[in-house]
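Reader: I should like to understand how the descriptions of helix packing and of the pocket are reached. Please take me through the reasoning.

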Amino acid sequence: MALLERIEPVSAPPPLPPTPAPPTPRRKPRRTSTFTKDDWLSLVGSIVASLALVYVGYFHVLAFSGLLGFLVCLFVTFMCIYGCVVGLANPRPIVVERLVAATVSLAAGVVLFALGSVVIYTFAQGWKAFAHVNFFTQDMAGVSPTAPLTHGGILHALVGTVIEVGVAVLVSVPLGIGTAVYMTEVGGRGSQLVRTVVESMTALPEILAGLFVYVVLIVEFGLPKSGLAASIAMAVTMVPIIARAGEVALRVVPGGLREASSALGATHWKTVRKVVLPSARAGLATATILAIARGIGETAVVLITSGASSFLTFNPTGEPMNSLPLFIYTAYTTHEPLEISRAFGAASVLLTMVVVLFAATRWLLRDKAGRR
């Protein structure tokens, strides 16, 4: 018994710690805007399948004709097939996103195709005139519509366009920006009336502005038909655009900047001059470019208030002054092949001027810090 009492009982081994479960890999959410290889194959396969199905059914089974109906049926069939193919491996939100993206991309493609086709066709038709240096260095004084392209040019119309638009900008930009400042920074009952008038004049047809300037300045006050009268008529159509777009640009300026300037002791108009206008310079420049783009393409205004001319002049106050849009119109109405080539060449120059103007403005107003 004593021996048994001396024997110590053997204790059970301690339990092993529980083995931790392996970490579950974190699943990254899939971005619906990311296109995988499967997505590209689904898109291309849907396009090919819808094209083959509609071609066989539209032209051979149903014996229809017409390109517009074919394109509409192709779009509807593609949307149905593409939605079914994407829905086989993706949830409903991704299917909706893919269909909406396809619709928006198609709309953008149609717009780009229409714009690109117009630009390419214009430059292709005007290349015959571009090939001659005299097209840019001579005017049409004494040149008949049937004269070869080695005679005459658009120098008078090009100079007239620059002078007329320049005078119109000098008149319309101060008035338009001043009107925008009045509507945003002054306010009151008068600003509501001014805003209503500006919004109404935004859609004013340019021929009405031309008739107004013709009746008031030329008929009543005896001002001769000249580039100055055309510039004033252009300014009438440009002021509402600058004022309306400038108002939007000024309203975007944060109110905290105005409050901080006032807290530092600046007066109201000093705040407008030193803080508000510099902060909105990009929007104001865009408003000016939009107005110039409308004014530079005016034809009826120049025809009514100035009239067409075939000689070069630098005097906008006493002589008729031509412009590129008016030159294009008068040249095309002659129905002479060589003159029509000159018209397309002038149209190409006009397109180039607008594109260069927009590009230069965007470059000058770029963010110097490199931020998007």
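Author: Let us begin with one contact: L257, R258, S261 and S262 in α10 meet T271, V275, V276 and S279 in α11, where contact means heavy atoms within 4.5 Å. By class, these residues divide into 3 nonpolar, 4 polar and 1 charged. This is a predicted model, in which local features need pLDDT of at least 70 and side-chain atom pairs count only at pLDDT 80 or more, while totals for chains, interfaces and linings use all residues. Residues are numbered from 1 along each chain as its sequence is written, and side-chain values use heavy atoms, with hydrogens and water left out.

Reader: Why are α10 and α11 called roughly antiparallel to each other?

Author: Helix α10 (residues 255–263) and helix α11 (residues 268–279) pack at an angle of about 155°, with axes 10 Å apart. Angles over 145 degrees count as roughly antiparallel, under 35 as roughly parallel, 65 to 115 as roughly perpendicular and the rest as oblique. The pair is therefore roughly antiparallel. The crossing of α10 and α11 is right-handed, the near helix being turned clockwise from the far one by less than a right angle.

Reader: What makes α8 and α9 oblique to each other?

Author: Helix α8 (residues 206–220) and helix α9 (residues 227–252) pack at an angle of about 135°, their axes lying 9 Å apart. That value belongs to none of the named ranges, and α8 and α9 are therefore oblique. Here too the crossing is right-handed. From α8, E206, A209, G210, V213, L217 and I218 take part, and from α9, A229, I232, A233, V236 and T237. The contact has 8 nonpolar, 2 polar and 1 charged residues.

Reader: How do the axes of α6 and α9 cross?

Author: The axes of helix α6 (residues 155–186) and α9 come within 6 Å and cross at roughly 35°. This crossing is right-handed, and the residues of the contact divide into 21 nonpolar, 7 polar and 3 charged.

Reader: Which residues line the largest pocket, and how do they divide by class?

Author: The lining consists of I47, S50, L51, L71, V72, L74, F75, F78, A102, L106 and V110. Ala, Val, Leu, Ile, Met, Phe, Trp, Tyr, Cys and Pro count as nonpolar, Asp, Glu, Lys and Arg as charged, and the others, Gly among them, as polar. The lining accordingly divides into 10 nonpolar, 1 polar and no charged residues. Helix α3 gives the largest share, 5 residues.

Definitions and conventions
Axes fitted to C-alpha atoms, helices over the stretch in contact; angles between N-to-C directions. Helix = DSSP H or I, 4+ residues; strand = E, 2+ residues; numbered from the N terminus. 1 Å grid on protein atoms, 1.4 Å probe; cavity = no way out; pocket = protein on both sides within 12 Å on 5 of 7 lines; lining within 4 Å.
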